[in-house]
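User: I'd like a close look at one part of this protein, with the surroundings filled in where they help. Here is the model I have open.

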Amino acid sequence: MQLLSPTAKYTLTGMLFGLLFPIASVTYDLSFREYPFTLEGMYLLFTYQPLHWVIATAPFFLGLFAYFIGKKQSSLEKHSKELQDKIKERTHYLEEKNALLFQEVSQRKQAEIHLRKAKEKAEEGSKAKAQFLSTMSHEIRTPLNAMIGMTGLLIETNLDEEQQDFVQTIRMGGETLLTVINDILDYSKIESGKLELENEPFELMEPVEDTLELLGKKAHQKGLELMYHIHEGVPAAISSDITRLRQILVNLVNNAIKFTDKGEIFVSVKHLGIADSLHTLQFSVQDTGIGIPEDKIKRLFHSFSQVDASTTRKYGGTGLGLAICKNLSALMGGSIWVESTYGKGSTFHFTIKAPAASSQETYRKMSIHSFKGKKVFLLDDNATNLKILNIQCERWGLKTEQTTFPLRALEILSQEHSYDLAIFDMNMPELNGSDLAKKVKENAFSKNLPLIMLSSAYNTDNEEDKMFFSSYITKPVRAAQLFHAISKALSSEKSAPIPVKKKADTLEKPDLIPLRILLAEDNPVNQRVASKMLKRLGLQNDTVSNGLEALEAAKLVPYDLILMDMQMPEMDGITSTQEIITHFSEHTDFPRPLIFAMTANAMKEDREACLAAGMDDFISKPVRLGELKEILVKWFANEREVLNA
Ligand code: ADP
């Protein structure tokens with residue numbers, strides 16, 4: 001241990017030498033030179049030997065200097081010690097922190113490993129779930145298809161009325177079950193990210209009108225008005241996935257019909273804006289139904305969620321429809337939401353983003369002012385319908401007058417003769433459309449006025465009534481149909497013989513023998529569309545969802561025709577066709593069905609691939625009713641003659 005600090009040591013030494021030196025030198029000089037050993041002697045010494053003074057006091061000043069140096073040194077040392085202490089402290093602190101960090105990192109790493117393991121497990125689980133769902137749905141669907149196919153055959157046998165009823169009920173039950181299974185499969189496909197959207201151009205009106213046509217009967221059976229309106233500014237054609245867009249619309253309109261007992265359902269499309277050549281379109285489905293309580297709205301778009309989830313609930317369904325719609329609209333770059341007042345009705349909105357595409361000639365023609373200056377009188381007791389009709393007519397350049405009261409219409413038409421055309425709704429209170437038409441035709445002034453009738457196709461209307469009209473359009477009205485009817489009415493001479501005898505806008509059913517048709521198509525909406533089209537042609541079909549099921553069904557039931565989609569899970573259309581052809585080359589219990597490809601792959605190579613696989617013909621999607629009819633007539637119209645021969 002140090003007894004003295006360096007400063008003290010230097011100082012003491014300096015002081016010591018500072019004192020000893022003068023004493024020694026003075027003593028020496030006084031002794032050896034001739035100065036007396038007195039104060040005077042000392043004075044003389046210092047006066048005559050000044051260097052002595054300096055030499056004698058120098059150590060003292062050196063000591064003092066050393067003192068200051070020592071002090072500085074000690075303060076430096078102190079500072080350095082403090083610094084060292086601080087560094088030590090800091091190092092210690094950093095070491096502690098480092099240890100903590102290390103601990104945290106290793107904990108994180110651990111968590112990451114856990115997470116990855118959990119993710120892998122979840123993925124495995126999800127895969128297993130998807131696998132389970134697909135296996136399960138296949139296992140359920142196979143016997144179900146046999147059930148539906150066989151009941152189809154059974155219906156054709158000699159059954160009494162009661163037995164017919166039983167068989168129909170079994171068939172309907174089977175079909176409902178198929179829809180549920182389709183919903184579940186579709187949802188699991190979306191959830192596992194396996195769904196890929198198509199991107200093809202189509203007329204926007206098409207999915208909207210298809211939906212209304214598909215569900216029109218259901219709405220009219222409940223006495224509901226079903227209408228649509230496409231606002232100004234919406235591109236006539238877009239590039240997107242028509243099937244999936246139609247699926248959302250079908251789901252929402254179907255729900256609207258299901259949850260509405262009285263009133264109307266109104267579908268509209270609005271243009272919200274454009275960014276980077278992508279148009280944002282908002283579709284809305286408004287109903288006057290039961291509405292949704294506010295506290296239930298949040299959960300609505302979750303899977304398996306229903307407002308009334310009790311087992312005694314009144315309305316059926318899986319609770320998957322809205323969850324599917326939510327996912328589909330998100331895939332299309334949009335979102336879905338609902339506004340609802342409990343007890344009054346709901347409006348479901350969804351948006352999509354899509355680029356505009358070029359429109360077909362017929363639709364372009366419809367969008368310009370085609371009937372400029374002509375005057376039309378509109379009558380419909382439903383104000384919304386009347387408003388849409390009015391906007392549509394004005395868009396085509398027609399001048400319009402309108403009323404919701406039939407008697408008022410009669411009064412106006414018997415006094416005012418400047419109208420070129422009148423459009424009447426059929427079902428109205430006071431006076432229905434056909435009675436009103438009769439009265440208009442009885443009046444000498446208005447007897448030559450062309451009339452168009454709008455009516456639900458599902459009324460049992462008297463054929464005679466329709467004679468007063470130049471065209472008879474079934475609701476929900478398709479814009480192209482209305483355009484065609486107005487063109488026809490305006491081009492006919494005013495003095496031309498009216499009434500027109502034949503109903504112009506209903507499709508003639510071809511004279512086909514009751515064909516046994518199997519539809520192999522994996523998309524539920526496409527299934528419904530194709531089935532509806534066949535139904536309109538007076539034909540029935542069974543439906544399977546993939547190539548494997550088509551093969552199994554074809555072995556079981558003697559189908560006349562298989563309409564085969566190309567891309568399907570489990571087994572695609574081409575493989576299925578090849579398998580069916582191979583089967584029938586070895587088994588001859590009944591003849592091989594014809595196979596027509598029904599596919600969105602419309603390229604020449606696709607067509608060639610289908611024909612090379614052994615398919616007999618090709619229908620490209622979206623399927624048009626006229627084309628379907630044409631191709632069926634081409635292949636089957638002579639069969640009746642052959643059969644009757
Ligand atoms: P599902 O109709 O098959 O049960 P959805 O997912 O389509 O399944 O609908 C979920 C629930 O949302 C329905 O059960 C119903 O309670 C409610 N909902 C849907 N649409 C409407 C509507 N237009 N009006 C009232 N409630 C509705």
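Is F483 buried or exposed, and why does it count that way? Please start there and then work outwards through the fold.

Analyst: Happy to. Please keep in mind that this is a predicted model. F483 is buried, because its relative accessibility is 9%, and the cut-off for buried is under 20%.

Let's look at the partner of F483 next. A search of the whole structure finds eight aromatic pairs. One of them joins F371 and F483 in a tilted arrangement, with 5.1 Å from centre to centre and 40 degrees between the planes. This pair links distant parts of the chain: F483 belongs to helix α13 (residues 479-491), while F371 sits in the loop between α9 (361-367) and β8 (375-379), and 112 residues separate the two. F371 has a relative accessibility of 8%, so this ring counts as buried too. The rings do not stop at two, as ring pairs link F371, W396 and F483 into a cluster. Elsewhere, another kind of ring contact turns up: K375 lies over the face of Y419, 4.9 Å from the ring centre.

Some cysteines are worth a glance as well. C393 is buried, since its relative accessible area is 0%, and C325 counts as buried because its relative accessibility is 0%. The count of disulfides nevertheless comes to zero.

Now for the sheets. One is an open sheet of five strands with mixed pairing, in the order β2-β4-β5-β7-β6. Its edge strands are β2 (225-230) and β6 (336-341), each of which pairs on one side only. On average, neighbouring strands here are turned by 15 degrees against each other, direction ignored. At the β6 edge, β6 and strand β7 (residues 345-354) pair in the antiparallel sense over six bridges. Within that pairing, I336 stands opposite F350 in β7, and T341 has G345 of β7 as its bridge partner. The hairpin of β6 and β7 has three residues between the strands, and there G343 takes a positive phi near 90 degrees.

At the other edge, helix α5 (residues 205-221) lies across β2, β4 (264-275) and β5 (278-287), running at about 170 degrees to β2. Strand β2 also holds H229, which counts as buried because its relative accessibility is 8%. Leaving aside neighbours within four places in sequence, H229 is in contact with F266, V267, S268, V269, I388, I391 and R395. A little further along the chain, E232 is placed in the loop between β2 and β3 (237-240). Unlike a buried residue, E232 counts as exposed, because its relative accessibility is 63%. E232 and V269 are 37 residues apart in sequence, and their C-alpha atoms are 9.2 Å apart in space. V269 therefore turns up twice in this corner, as it is also among the contacts of H229.

There is also an open sheet of five strands with parallel pairing, in the order β14-β13-β15-β16-β17. Its edges are formed by β14 (541-544) and β17 (617-620); each has a single partner strand, so one side of each is left without a neighbour in the sheet. Neighbouring strands in this sheet are turned by 20 degrees against each other on average, direction ignored. Inside the sheet, strand β15 (residues 561-564) and strand β16 (residues 594-599) pair in the parallel sense over four bridges. One of the matched positions is I562, whose bridge partner in β16 is I595. Helix α16 (residues 573-586) lies across β15 and β16, and runs at about 155 degrees to β15.

Finally, a step back to the whole protein. There are 18 helices and 17 strands. Of the 645 residues, 43% count as buried, and F483, where we began, is one of the buried residues. Among contacts with a separation of 6 or more, residues 24 or more positions apart account for 70%. The pair of F371 and F483, with its 112 residues of separation, is a good place to see how distant parts of the chain are linked.

Definitions and conventions
Residues are numbered from 1 along each chain as its sequence is written. This is a predicted model: local features need pLDDT of at least 70, side-chain atom pairs count only at pLDDT 80 or more; totals for chains, interfaces and linings use all residues. Side-chain values use heavy atoms; hydrogens and water are left out. Rings of Phe, Tyr and Trp (its six-membered ring) pair if their centres lie within 6.5 Å; planes under 30 degrees apart count as stacked, over 60 as edge-to-face and the rest as tilted. Buried means under 20% relative accessible area, exposed over 50%, partly exposed in between (1.4 Å probe, protein chains only). A charge sits over a ring if NZ of Lys or CZ of Arg is within 6 Å of the ring centre and within 35 degrees of the ring normal. Two strands pair if DSSP finds at least two bridges between them. Axes are lines fitted to C-alpha atoms, for helices over the stretch in contact, and angles run from 0 to 180 degrees between N-to-C directions. Contact means heavy atoms within 4.5 Å. A disulfide is a pair of cysteine sulfur atoms within 2.5 Å.
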